[in-house]
Amino acid sequence: MAKKEDKDQSSNEQLRLLWILLPQLPLIFKIILLHILKSSESCKYLDLRTDLTVTVLRSVLNPSKPRPIAKTQAMTLKDPGVTGKIWVSAVASKVPPEQGIRDALLAAIDAMRDSSTKGSAPSFKIPDIVPIEAEWTGYRAAATKESEPPEISEEEKYREMMKECKNPATMLYFHGGAYYLCSPATHRSLLRRLTKLTGGRAYSVRYRLAPQNAFPSALLDALVSYFTLLYPPPGSIHDAVAPGNIVFSGDSAGGNLALALLQTVLEIRRQNRKITWFGAEREVPLPAGLTAMSPWVDLVQSMPSVVRNQKWCYLPPPILMSEAHQPPADDIWPTNPPRKHIYIDDAYMLHPLGSLQMNKTWEGAPPLYISCGWETLQDEVRFLVSKLSRDGVTVVFEEFEAMPHVFSELLPHLAQSHRNRESLANFVIAACDDPKSIQTSYKTIKAKTMQEAVIDLDTLSPFSEEKMREMAREAILERPEKAQLAPLPDVPAKL
């Protein structure tokens with residue numbers, strides 16, 4: 001019976017894919033012809049399959065009739081189940097009896113506000129501390145591609161996973177999805193590949209999604225998850241993880257969340273604050289490092305590359321939803337009271353824990369690995385790397401020619417994707433084992449040859465900090481009061 005249901009579901013998925021692709025046939029034929037004639041710019045850098053994937057995806061993600069937000073979100077939350085060479089152990093964090101961790105986050109948010117608003121009551125809804133689901137994930141070497149998980153408890157799965165871990169490196173992972181899409185389930189394949197390379201494990205967090213749970217819900221969940229690793233609550237199946245073995249990681253919006261969590265930790269440490277957690281006062285240590293694939297830095301989409309790089313990326317342009325372009329109203333959007341941004345309250349759109357380019361300093365941060373392509377987020381990523389370097393942070397930056405947003409997940413079999421994952425995994429191993437061995441570097445990875453070219457720090461970003469802030473403020477001021485920011489789709493292969 002179950003096999004018949006799986007077969008029916010597979011058939012339905014194939015029909016749905018065919019229905020999506022049929023209107024794209026003229027576009028597909030055009031791309032094929034341009035490649036045959038070698039008359040498009042993209043064919044100089046991309047093979048035909050990659051060019052078709054990115055071009056068709058770009059077209060699909062710009063529908064003439066917008067879909068309801070709740071429907072789109074629900075599509076990405078379907079769990080296909082666990083199969084293949086991967087261990088997954090589902091857990092949930094315990095809720096501490098104290099509110100200390102939330103108080104520390106709120107104090108950090110307030111301290112980083114504009115001086116004119118510090119100390120005033122927040123306009124956002126203060127989130128509760130709730131149990132946060134997560135998936136312990138690791139590589140399962142003896143399994144086949146069709147293997148299903150054994151019928152044992154989640155704790156037993158965790159123990160089996162730990163038997164295969166070759167080192168204590170632990171990625172605290174936050175999935176992408178523009179803060180309103182996806183889950184750990186959508187990122188299992190990526191984490192299977194990464195944990196195979198690191199020899200360690202990942203703790204993939206199911207943080208609360210917008211628009212139902214706006215900023216700072218996801219950030220609170222991230223901080224609670226970090227403390228859950230450091231100081232396991234009673235009944236946890238894992239032992240305490242040393243901060244020197246934890247690397248914050250994420251892609252796209254998950255990269256934003258990882259970076260925001262790092263800034264939160266830095267700010268709590270600036271305040272010399274400890275957090276009461278399950279009856280004990282706890283230090284707030286720095287992690288070993290951070291990795292981010294195509295991190296979403298600029299929440300208000302104010303940088304030129306969001307338009308300039310459309311031809312290389314599948315993400316839609318930063319369309320402000322007029323009455324004609326707003327998705328149909330549903331139970332979750334527009335919000336009540338309404339706000340302009342799907343993730344963050346209007347008054348906090350330029351807060352440094354949201355729009356990361358607004359941070360005054362990253363001084364004291366551990367080493368970072370950051371990668372991107374020639375994508376719509378290129379300008380903001382390059383500015384972030386430049387800012388980190390000016391603040392004295394060790395940063396390894398790799399930019400891949402002609403690659404789209406989060407290409408390592410969308411196009412996992414490309415040579416560029418293999419290189420991206422290997423670089424990230426090697427960084428994780430070094431950050432946990434020998435952080436002093438990590439040297440700052442900025443490189444372009446050529447599209448077809450995979451050759452490296454050094455990027456001069458002075459050419460990384462043409463934008464000063466003042467100019468960045470000016471563009472962000474202008475992006476908000478230019479938007480009509482009733483306009484709403486279009487959600488930024490993420491991990492579209494899962495849609």
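Visitor: In this model, which helices each supply at least two residues of the lining of the second largest pocket?

Guide: In this predicted model, the helices α9 (253-270) and α14 (465-477) each do so. The pocket holds about 640 Å³ of space. Its lining comprises 24 residues, and M112, R113, D114, L350 and P352 are the closest to the centre.

Visitor: What makes up the lining of the second largest pocket by residue class?

Guide: The lining divides into 9 nonpolar, 6 polar and 9 charged residues.

Visitor: Why is α8 called roughly perpendicular to α9?

Guide: The axes of α8 (residues 217-230) and α9 come within 10 Å and cross at roughly 70°. Angles of 65 to 115 degrees count as roughly perpendicular, and therefore α8 is described as roughly perpendicular to α9. The crossing is right-handed.

Visitor: Which residues make the contact of α8 with α9?

Guide: From α8 come A218, L219, A222, L223 and Y226, and from α9 come L257, A260, L261, T264, V265 and I268. By class, this contact has 10 nonpolar residues, 1 polar residue and no charged residues.

Visitor: How do you know that the peptide bonds before P211 and P216 are cis?

Guide: Omega is about 0° for the bond that joins A210 and P211, and about 10° for the bond that joins F215 and P216. P211 is in the loop between β4 (201-205) and α8, and P216 also lies in the loop between β4 and α8. Most peptide bonds are trans.

Visitor: What makes the phi of C182 notable?

Guide: Most residues other than glycine have a negative phi. C182 is not a glycine, yet its phi is positive, at about 75°. C182 lies in the loop between β3 (170-174) and α7 (188-198).

Notes. Residues numbered from 1 in each chain as written. Predicted model: local features only at pLDDT ≥ 70, side-chain atom pairs only at ≥ 80, totals over all residues. Heavy atoms only, no water. 1 Å grid on protein atoms, 1.4 Å probe; cavity = no way out; pocket = protein on both sides within 12 Å on 5 of 7 lines; lining within 4 Å. Points joined across faces, edges and corners; volume = space filled by probe spheres on them. Helix = DSSP H or I, 4+ residues; strand = E, 2+ residues; numbered from the N terminus. Nonpolar A, V, L, I, M, F, W, Y, C, P; charged D, E, K, R; others polar. Axes fitted to C-alpha atoms, helices over the stretch in contact; angles between N-to-C directions. Parallel < 35°, antiparallel > 145°, perpendicular 65-115°, else oblique. Left-handed = near helix turned anticlockwise from the far one by under 90°. Contact = heavy atoms within 4.5 Å.
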